[in-house]
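Got the model open in your viewer? Switch to a cartoon view, keep side chains ready to toggle, and follow along stop by stop.

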Amino acid sequence: ASMYTYMRPGPPASLSRAAALKFASIPLAALLASPAAPARAVIGESILPGYLQADDKSWDVTLPAAWKASAADMRAEPEHRFHLRAERSSGAAASLDVFVDVAKGKQFLSDLGKVDEVGRRYAERFGTVQRAAAVPGPVRGSTYYEYEFAGSTTTTRAKLTVYQSRLYMLLLTLPSSAPAEVLAEADAISSSFKAFPVNMFCLAASNGGTAPTPGTCY
């Protein structure tokens with residue numbers, strides 16, 4: 001089965017962080033009795049072509065038409081909860097990675113450290129920090145760290161947050177001299193990337209390495 005859901009445009013919906021968390025109190029029997037809900041936007045925006053959602057609904061991202069996601073199993077790498085790969089299918093070379101990793105003992109983004117401190121750690125891997133910012137997310141009360149790093153031949157953009165001892169990270173690798181079109185696509189991809197807390201039954205199943213039972217995750 002596919003590890004993510006590719007959706008056509010659909011009606012908008014909305015959900016606050018508090019509403020997302022309330023499902024943790026729903027009895028397991030009630031959850032399993034519920035019909036599976038289709039993937040859908042949860043912040044009030046319309047779903048666009050290229051919309052991808054993890055099988056546990058803990059994160060999603062939307063790819064522009066010029067980008068193509070890998071068909072590889074996102075759960076195939078044991079060191080990651082998820083790893084999505086995508087790349088620009090023509091023209092200037094550019095690639096995307098979305099990682100979901102265990103962040104033991106980390107419940108909030110601030111548990112990683114201050115934005116500049118975290119940026120310095122990643123600079124050892126990606127190059128000189130050109131931008132570091134803590135920005136509000138689309139879910140009320142959420143925050144993301146955003147970075148831009150300059151390497152010798154590439155620019156790396158990163159966006160990350162933490163929920164429930166998981167680190168959610170988006171990485172965009174672009175040519176240092178990327179044309180305006182590619183930069184605009186990168187902006188759109190980064191803006192579309194969102195992570196969410198999920199109920200404890202969904203989280204336990206997902207952390208076990210398999211897609212949760214349909215109807216468990218909302």
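Start by selecting F99 and M169: F99 stands opposite M169, which sits in β10. Bear in mind as you look that this is a predicted model. Now widen the selection to the two strands around that pair. β6 and β10 run antiparallel, and eight bridges join them.

Stay on β10 and turn to its other neighbour, β9. These two strands also pair in the antiparallel sense, here over ten bridges. For a landmark along the way, pick R157, whose bridge partner in β10 is L172.

Follow β9 to its end and you come to a turn. β9 and β10 form a hairpin with two residues between them. Select Q164, which lies in the loop between β9 and β10. Its phi is near 50 degrees, a positive value in a residue other than glycine. Is Q164 buried or exposed? Q164 has a relative accessible area of 18%, so it counts as buried, the cut-off being under 20%.

Before leaving β10, colour it by accessibility. Eight of its ten residues are buried, so the strand is largely enclosed by the rest of the structure.

**The whole sheet**

Zoom out now. What order do the strands take in the open sheet? There are seven of them, running β4-β5-β6-β10-β9-β8-β7 with antiparallel pairing. Select residues 67-69 for β4 and 128-136 for β7: these are the edge strands, each pairing on one side only. If you look along the sheet, the twist from one strand to the next averages 15 degrees.

At the β4 edge, three bridges join that strand to β5, residues 82-88, and the two run antiparallel. Click on W67 and look across: it stands opposite R88 in β5. Next, select residues 115-126, which make up helix α3. The helix packs on the sheet, where it touches β7, β8, β9 and β10. Compare its direction with that of β8, and the angle comes to about 40 degrees.

**Into the cores**

Show the nonpolar side chains. In soluble globular proteins, such side chains tend to be buried together. The largest nonpolar core here has 30 residues, and W59 and L96 are those with the most contacts inside it. Several elements each supply at least two residues of this core, including β2 (51-54), β3 (59-62), β6 (95-102) and α4 (180-192). Which strand gives the largest share? That is β10, with four residues. Apart from this core lies another, of 17 residues; to find it, select F99, A103, Y122 and Y145, which are among its members. You have met F99 already, opposite M169 at the opening stop.

**Two lysines worth a click**

Go to the loop between β2 and β3 and select K57. Like Q164, it is a non-glycine residue with a positive phi, in this case near 60 degrees. K57 has a relative accessible area of 15%, so it is buried.

The other lysine is K194, in strand β11 (residues 194-195). At 6% relative accessibility, K194 counts as buried too. What does its side chain reach? Turn on the distances: one polar contact goes to the side chain of D60, at 2.9 Å. The K194 side chain also reaches the backbone oxygen of S192, at 3.1 Å.

**Last stop: the disulfide**

Show the cysteines as sticks. The count comes to one disulfide, formed by C202 and C217, with their sulfur atoms 1.9 Å apart. The torsion about the S-S bond is about 95 degrees, so this disulfide is right-handed. C202 belongs to helix α5 (residues 200-207), while C217 is in the segment after α5, and the two are 15 residues apart. Both C202 and C217 are buried.

**Pulling back**

Return to the full cartoon for a final look. The protein has five helices and eleven strands, and 48% of its 218 residues count as buried. Among contacts between residues at least 6 apart in sequence, 57% join residues at least 24 apart.

Definitions and conventions. Residues are numbered from 1 along each chain as its sequence is written. This is a predicted model: local features need pLDDT of at least 70, side-chain atom pairs count only at pLDDT 80 or more; totals for chains, interfaces and linings use all residues. Side-chain values use heavy atoms; hydrogens and water are left out. Two strands pair if DSSP finds at least two bridges between them. Axes are lines fitted to C-alpha atoms, for helices over the stretch in contact, and angles run from 0 to 180 degrees between N-to-C directions. Contact means heavy atoms within 4.5 Å. A disulfide is a pair of cysteine sulfur atoms within 2.5 Å. Buried means under 20% relative accessible area, exposed over 50%, partly exposed in between (1.4 Å probe, protein chains only). A polar contact is a pair of N or O atoms within 3.5 Å; within protein, one must be able to donate a hydrogen and the other to accept it, and residues adjacent in sequence count only if both atoms are side-chain atoms. A nonpolar core is a set of buried Ala, Val, Leu, Ile, Met, Phe, Trp, Tyr and Cys residues joined through side-chain atoms within 4.5 Å.
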